[in-house]
Every structure is written in C-alpha cells, then in structure tokens.
Amino acid sequence: MTGPIVPPPNVPDRPAATPTVPGPPAAVEAAAPAVAVAGLRVTLGGVPVLAGVDLTVAAGEWVTVIGPNGAGKSTLLRVVGGLLTATAGSVALFGTPGGQLRRRERARVVATVAQSPVVPPGMTVFDYALLGRTPYIAPLGRESAADLTAVRGVLDLLDLARFADRALATLSGGERQRVFLARALAQGATLLLLDEPTSALDIGHQQEVLELVDRLRREHGLTVLATMHDLSVAGEYADRLVLLDGGRVVAAGPPRAVLTEELLAVHYRARVRVINGGHGPLVVPVRAP
Ligand SMILES: Nc1ncnc2c1ncn2[C@@H]1O[C@H](COP(=O)(O)OP(=O)(O)OP(=O)(O)O)[C@@H](O)[C@H]1O
C-alpha cells in the first residue's frame, strides 16, 4: 500500500453498536463488551466441537484465538458471527443477545472474513467488495454514490484499486485474501471476525494488512476477534490470546502468559523456543537435538 492510510468512509467513529441495533439504551450498550460468550457448546455430526466456552472481548480490544488444528477456533468465530447456531450457551454482541439481531442489523455490527469464502463465478473484485454494502441497500434497491465511494476507498486502502475490474477468480491467493478483507471493511461493521486473515499473504502484505486493521482499531474503535496459526504474529498484535484445545479454553491472557514453551509443548506437541520481541514474545520452532 502506498500513501497515507485513511479510514473507509463507513467505519463508525465509536466502538459501541450503531443505533440500528435493538436492545438496551446507548449508555448501557457502550459499557457492554463487544462479545460476551458464555457456556457455549456446539456438537457437529454427533461430536462435541465446543465443550463449554466462555469468552469476553471488550469494545476496542483485539483478541486472537489460537490452538492446534481442529481445536474449534473457526467454529467459535462462526457462532459469534451468527453463521452457525450453538447447541447450548449464549452469545451477546454489544449487550444484545445474538438471537435478537436480524440479518441486516447483524451485518452492520459484525463482519466476518472466513478462511475460504465462496467466490461467485465471474464476479469482479469491485462487485465482490460491493457485497459488503448489502446491509445498507434497500431490498430491490440500488447502491448509492456513498456505497460506491466506500468501496473505492477500501480498495485503495488495501492496494487493490488496480484489480477493481478483474474477475476475482483470476487473482492470486494473497490478492484474493485482501479482497475478502476489503468486503468486510466495506461493511463498516464495528466488530471484525478474522479467521486466519493473513495465511496466504507474503510477509510484507501480512504486516501491511495487520497494521491497517490495528490502525482502524485504534483510530475508529474497531473490535477484532481473530484466529491465527502464526503464534509470533498473534502475540504481536493481540491484547489477549485465548488458547483453545479440544473445544475448551485451556489458557487465556496477555501474550506473555499464553505463549510459553510449556503450554505450547502440551497443547501443540511443539518443540519451540520463546524469545522476547518488540511487541510480544516470538515463538521459534526448534528441531530435536
Ligand atoms: N460438520 C461437521 N461435522 C463433524 N465434525 C465437524 C464438522 N465441522 C467441523 N467439524 C470438526 O470440528 C472440529 C473443529 O473444527 P474447526 O474448523 O472449528 O477447527 P479449527 O480450530 O478452526 O481448525 P484449523 O486450525 O485446522 O482450521 C474439527 O475436528 C472438525 O473436523
């Protein structure tokens, strides 16, 4: 990305839910956590995937869920984003029970970048990012000039303007991953759910994208709930890490408390060295002697 980073036009100025969200008065909403998950259980195909998860994310906070393959990280994000219904337990977004949010209202509050979103065949990059504006467009209506401006702004922000007219399917994996994020930012939601958002990005674009998200968080009150496999990067950007294993939270706290050689040996069966980094611990895999 070149040039100054500017926020997309529809990212709200404050972290609390927008007036479109039903529920308690604004003063109460502002104090409510962005995400409050309690006793969450999910059973899929007869298998317990989440086995009683509690999780709170404060408004404006960045929390990253880590854990080995199959731990339940994506499932947790899907439930928080309203894409999957829990077997038991509760989810509230900015103080409003998730079940009370209608689809359009939810889309103004929470935007999800899934691991492998479905790409409609033949759709251009611009039109895909424009899908993020759906919650603001009346049924059977057309997008407004403000919607088009918002999409252009987000594509500029993510260094994607030159791809605007290209079919999304013709982009590289990393370029496409930035387009998925563009659609989520165009949505202007206050809560961003990022499931492995940088897994296909080169190290430079990885830093640019995460710095951009962090800047939007600091300057515009975005709340971020992410999953990541790169533990060093997870620790550098998150205020808190939540370590999930077997559908349960087994550790949670600041990166220094969670990224320890002992915990990573037990839960990832990994041999690592943890060293001090600028913003958080750095996790270096080491071979057996
Ligand atoms: N529809 C389903 N039926 C049965 N099991 C499922 C279903 N969907 C997911 N699972 C299982 O639930 C578990 C958790 O999956 P999930 O994708 O949440 O894990 P994850 O922590 O995100 O993993 P990864 O790091 O590999 O992306 C896995 O063991 C997965 O096989």
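**Notebook: ligand shell, sheets and confidence**

I began with the ligand and looked up which element gives most to its surroundings: helix H2 supplies the largest share of the shell, three residues. The model is a predicted one, so I kept the confidence values for a later entry.

**Entry: the shell.** I listed the residues around the ligand as Leu44, Gly45, Val47, Val49, Gly67, Asn69, Gly70, Ala71, Gly72, Lys73, Ser74 and Thr75. Strand E2 (47-57) and H2 each give at least two of the shell residues. I then sorted the shell by class and got four nonpolar, seven polar and one charged.

**Entry: the six-stranded sheet.** I traced an open sheet with the strand order E6-E7-E8-E3-E9-E10 and mixed pairing. Its edges are strand E6 (110-113) and strand E10 (248-253), each of which pairs on one side only. On average, and ignoring direction, neighbouring strands in this sheet are turned by 15° against each other. Inside the sheet I checked one pair: strand E7 (residues 191-195) runs parallel to strand E8 (residues 223-227) over five bridges. Leu191 has Thr223 in E8 as its bridge partner.

**Entry: the four-stranded sheet.** I found another open sheet, ordered E2-E1-E4-E5, with antiparallel pairing. E2 and strand E5 (96-97) are its edge strands, and each pairs on one side only. I noted five bridges between strand E1 (residues 35-44) and strand E4 (residues 88-93), which pair in the antiparallel sense. Here Val37 stands opposite Val91 in E4.

**Entry: where H2 lies.** Which strands does helix H2 lie across? I looked at each sheet in turn. In the six-stranded sheet, H2 (residues 73-80) lies across strand E3 (62-66), E6, E7, E8 and strand E9 (240-245), and its direction is about 150° to E8. In the four-stranded sheet, H2 lies across E1, E2 and E4, at about 120° to E1.

**Entry: the annotated range.** From UniProt I took the feature "domain: ABC transporter", placed at residues 35-271 in an unreviewed entry. I read the chain over residues 35-271 as 36% helix and 25% strand, with the end C-alpha atoms 33 Å apart.

**Entry: confidence.** I noted a mean pLDDT of 87 for the protein chain, with 90% of its residues at 70 or more. Over residues 1-29 the pLDDT is below 50, and this stretch has 69 contacts in the model beyond near neighbours in sequence. Where pLDDT is low, the predicted coordinates should not be read in detail. For the complex I copied the predictor's scores, an ipTM of 0.97 and a pTM of 0.88.

Definitions and conventions: Residues are numbered from 1 along each chain as its sequence is written. This is a predicted model: local features need pLDDT of at least 70, side-chain atom pairs count only at pLDDT 80 or more; totals for chains, interfaces and linings use all residues. Two strands pair if DSSP finds at least two bridges between them. Axes are lines fitted to C-alpha atoms, for helices over the stretch in contact, and angles run from 0 to 180 degrees between N-to-C directions. Two residues are in contact if their C-beta atoms, placed from the backbone, lie within 7 Å. pLDDT is the predictor's confidence in each residue, from 0 to 100. A residue is near a molecule or strand if its C-beta atom, placed from the backbone, lies within 6 Å of it. Ala, Val, Leu, Ile, Met, Phe, Trp, Tyr, Cys and Pro count as nonpolar, Asp, Glu, Lys and Arg as charged, and the others, Gly among them, as polar. UniProt positions are given in the numbering used here, feature names are shortened, and annotations may be inferred rather than shown by experiment.
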